[in-house]
Amino acid sequence: MGDIGFPTAAMSETRPPAKNKIFLGTFVHSKTLSELEYLHNAAVAVDSLGTIVAISPDTDIAKAKSTLLPQLNWPSDDTDMVVAKAGQFFFPGFIDTHLHASQYPNVGLFGNSTLLDWLNTYTFPLEASLSSLAKAQKVYSRVIRKTLSHGTTTAAYYATIDVPATNLLADLCLSSGQRALIGRVCMDQLGPSYYLDESPAESLAKTKQCIDHVLSKDPKMELITPIITPRFAPACSAPLMKELGQLAKETDLPVQTHISENKNEIALVASLFPDAGDSYAEVYDTFGLLTPRTILAHAVHLTEKEADLVTERKSKVSHCPCSNSAITSGAARVRWLLDKGIEVGLGTDMSGGYSPSVLEAARHAVLVSRHICMDEGKSEERDKLSVEEVLYLATRGGAKVVGMEDKIGGLEVGMEWDAQLVGLHEVDEEEGEEGNVDVFGWESWEEKIAKWVYNGDDRNTKKVWVRGRLVHERK
């Protein structure tokens with residue numbers, strides 16, 4: 001593995017203003033759920049604010065200088081040219097719609113635990129320990145580095161219940177240039193005594209402190225957005241969820257939480273909230289937490305009635321196939337959710353999931369859908385997800401889940417340049433790209449992309465940009 005470039009906070013504060021840029025080569029992105037669009041020998045112009053202002057087909061570097069630059073009125077000496085090499089292509093940055101930054105040190109440590117046992121054994125002690133800001137900085141810096149190195153330009157992060165640690169995560173994302181939703185975890189019951197909010201009022205007050213901090217650093221939420229984060233219904237009392245629902249209504253901020261991940265968890269919700277509806281989804285709806293800006297992680301065991309309610313409220317789902325398999329939670333029926341009209345994105349759900357890679361989540365989404373198809377009498381062939389579909393979930397689908405579909409997820413004029421340069425190993429080249437994806441020269445582009453999805457890793461992610469700024473480069 002090569003070295004990973006990563007800007008420090010000091011660097012981000014002193015780096016020069018971004019230049020206009022022309023990107024040249026092959027561009028691939030999702031046109032629809034089932035179709036990828038391929039633009040070969042094209043040029044994409046990105047202005048100094050990071051917005052795509054022009055896409056020019058059949059354009060090489062000479063034509064870009066002679067024709068495109070004059071059309072844009074950009075001086076050549078103040079415009080960077082970024083040219084993809086043989087075997088490389090530009091692709092939208094991945095959007096991770098659900099992960100716990102605070103749990104990153106525990107990736108792969110789920111053992112044989114069930115969800116609730118795993119929380120008490122592994123999760124709560126680790127999260128509580130991050131009240132040490134030195135430890136939190138070490139953990140958060142690493143998880144940001146790792147996600148960027150895997151092409152993740154946007155992440156919906158859970159932090160901890162600690163205000164300074166949550167604010168630190170926001171600061172680090174801002175200094176690194178990664179787009180992020182930052183949530184302070186709210187929980188006033190179920191957890192150990194050393195890791196609980198003392199009251200609903202305290203939880204609400206601390207959440208507002210974190211929201212204020214983010215807005216003080218990024219008032220227009222151009223890069224960092226605060227997100228209201230009730231951990232999940234069993235960890236929040238009815239008064240706390242009512243307060244958080246009211247806060248979501250007053251601020252119109254996004255909400256993230258978990259739903260129907262595990263059957264024991266569903267039973268626990270029913271016992272804790274007998275007067276707040278007939279289902280897990282109705283509990284959230286009762287307290288005003290099922291909104292068009294709500295991200296519901298997992299949704300493995302939703303009933304027909306619950307899915308209809310989620311559709312009606314226009315809430316979104318983060319599909320976390322690695323975590324659902326690792327903790328033996330179940331197989332989420334993504335085709336069924338999509339057929340219901342529910343927007344779906346992908347989440348790594350570290351540390352329930354074991355990898356920081358959205359590409360890993362995409363390939364597992366394909367495999368889980370095939371296992372659903374093998375459940376005779378309960379599924380259809382169309383339940384299988386294609387390579388094209390999981391790449392949509394990783395980009396445009398994720399953008400809809402986090403409420404940024406007008407900005408990110410695709411490569412179109414007017415959208416922001418959140419993108420990655422992907423390199424594949426062309427076997428005939430003497431100095432081919434490093435990595436696990438071998439291309440022999442006879443593959444179609446559709447086959448190259450399939451090889452990348454099934455075999456690719458961070459070695460294939462050469463460069464990553466967010467809003468036009470280079471935030472990762474593989475050395």
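**Exercise 1. The second largest cavity**

Which residues line the second largest cavity? Work out how the lining divides by class.

*Solution.* This is a predicted model, so please read every value below as computed from it.

Step 1. Begin with the search of the whole structure, which finds three cavities of 30 Å³ or more. The second largest cavity holds about 50 Å³ of space.

Step 2. Collect the lining residues. They are Phe 94, His 150, Ser 357, Leu 359, Gln 420, Trp 452, Asp 457, Asp 458 and Thr 461.

Step 3. Sort them by class. The lining of this second largest cavity has four polar, three nonpolar and two charged residues.

**Exercise 2. The largest cavity**

Find the residues around the largest cavity, and say which helix gives the largest share of its lining.

*Solution.*

Step 1. Take the volume: the largest cavity has about 100 Å³ of space.

Step 2. List the lining. His 100, Gln 103, Leu 115, Trp 118, Leu 119 and Arg 231 belong to it, and so do Phe 232, His 258, Glu 261, His 298, Ile 327 and Asp 349.

Step 3. Look for the helix. Helix α3, residues 115–129, supplies three residues, the largest share of this lining.

Step 4. Sort by class. The count is five nonpolar, four polar and three charged residues.

**Exercise 3. The sheet that begins with β6**

In what order do the strands of the sheet β6-β7-β8-β10 pair, and which strands are at the edges?

*Solution.*

Step 1. Trace the sheet. It is open, has four strands in the order β6-β7-β8-β10, and its pairing is parallel.

Step 2. Find the strands that pair on one side only. These are the edge strands, β6 (94–100) and β10 (224–226).

Step 3. Add the twist, which averages 15° from one strand to the next.

Step 4. Zoom in on one pair. Strand β8, residues 179–183, is joined to β10 by three bridges in the parallel sense. Opposite Pro 226 of β10 you will find Ile 182.

Step 5. Place a helix on the sheet. Helix α5 (residues 163–176) lies across β7 (152–158), β8 and β10, and runs at about 175° to β8.

**Exercise 4. Two packed helices**

Describe how α4 and α5 pack, and name the residues that meet.

*Solution.*

Step 1. Recall what is needed: two packed helices are described by the angle between their axes and the distance between the axes.

Step 2. Fill in the values. Helix α4 (residues 133–149) packs against α5 at an angle of about 40°, and their axes are 10 Å apart. The crossing of α4 and α5 is right-handed.

Step 3. List the contact. From α4 come Leu 133, Ala 136, Gln 137, Tyr 140, Ser 141, Ile 144 and Leu 148. They meet Pro 164, Ala 165, Leu 168, Leu 169, Leu 172, Cys 173 and Ser 176 of α5.

Step 4. Sort the contact of α4 with α5 by class: 11 residues are nonpolar, three are polar and none is charged.

**Exercise 5. The sheet that begins with β12**

Which strands form the edges of the sheet β12-β13-β14-β15, and how does α14 lie on its strands?

*Solution.*

Step 1. Follow the order β12-β13-β14-β15 through this open sheet of four strands, where the pairing is parallel.

Step 2. Its edge strands, each pairing on one side only, are β12 (255–259) and β15. The twist averages 30° from one strand to the next.

Step 3. Check a pair: β12 and β13 (residues 294–298) share five bridges in the parallel sense. His 258 stands opposite Ala 297 in β13.

Step 4. Helix α14 (residues 387–401) lies across β13, β14 (316–319) and β15, at about 115° to β15.

**Exercise 6. Backbone exceptions**

Where is the cis peptide bond between Met 350 and Ser 351, and what is its omega? What is the phi of Met 221?

*Solution.*

Step 1. Keep the background in mind: most residues other than glycine have a negative phi, and most peptide bonds are trans.

Step 2. The cis bond joins Met 350 to Ser 351, with omega about 10°. Ser 351 is in the loop between β15 (344–346) and α13 (358–373).

Step 3. Met 221 has a positive phi, near 50°. Met 221 sits in the loop between α6 (200–217) and β10.

Methods:
Residues are numbered from 1 along each chain as its sequence is written. This is a predicted model: local features need pLDDT of at least 70, side-chain atom pairs count only at pLDDT 80 or more; totals for chains, interfaces and linings use all residues. Side-chain values use heavy atoms; hydrogens and water are left out. Two strands pair if DSSP finds at least two bridges between them. Axes are lines fitted to C-alpha atoms, for helices over the stretch in contact, and angles run from 0 to 180 degrees between N-to-C directions. Contact means heavy atoms within 4.5 Å. On a 1 Å grid over the protein atoms alone, a cavity is a set of points where a 1.4 Å probe fits but cannot get out, and a pocket is an open set with protein on both sides within 12 Å along at least five of seven lines; lining residues have an atom within 4 Å of a point. Grid points are joined across faces, edges and corners, and a volume is the space filled by probe spheres set on the points. Ala, Val, Leu, Ile, Met, Phe, Trp, Tyr, Cys and Pro count as nonpolar, Asp, Glu, Lys and Arg as charged, and the others, Gly among them, as polar. A crossing is left-handed if the near helix is turned anticlockwise from the far one by less than a right angle, and right-handed if clockwise.
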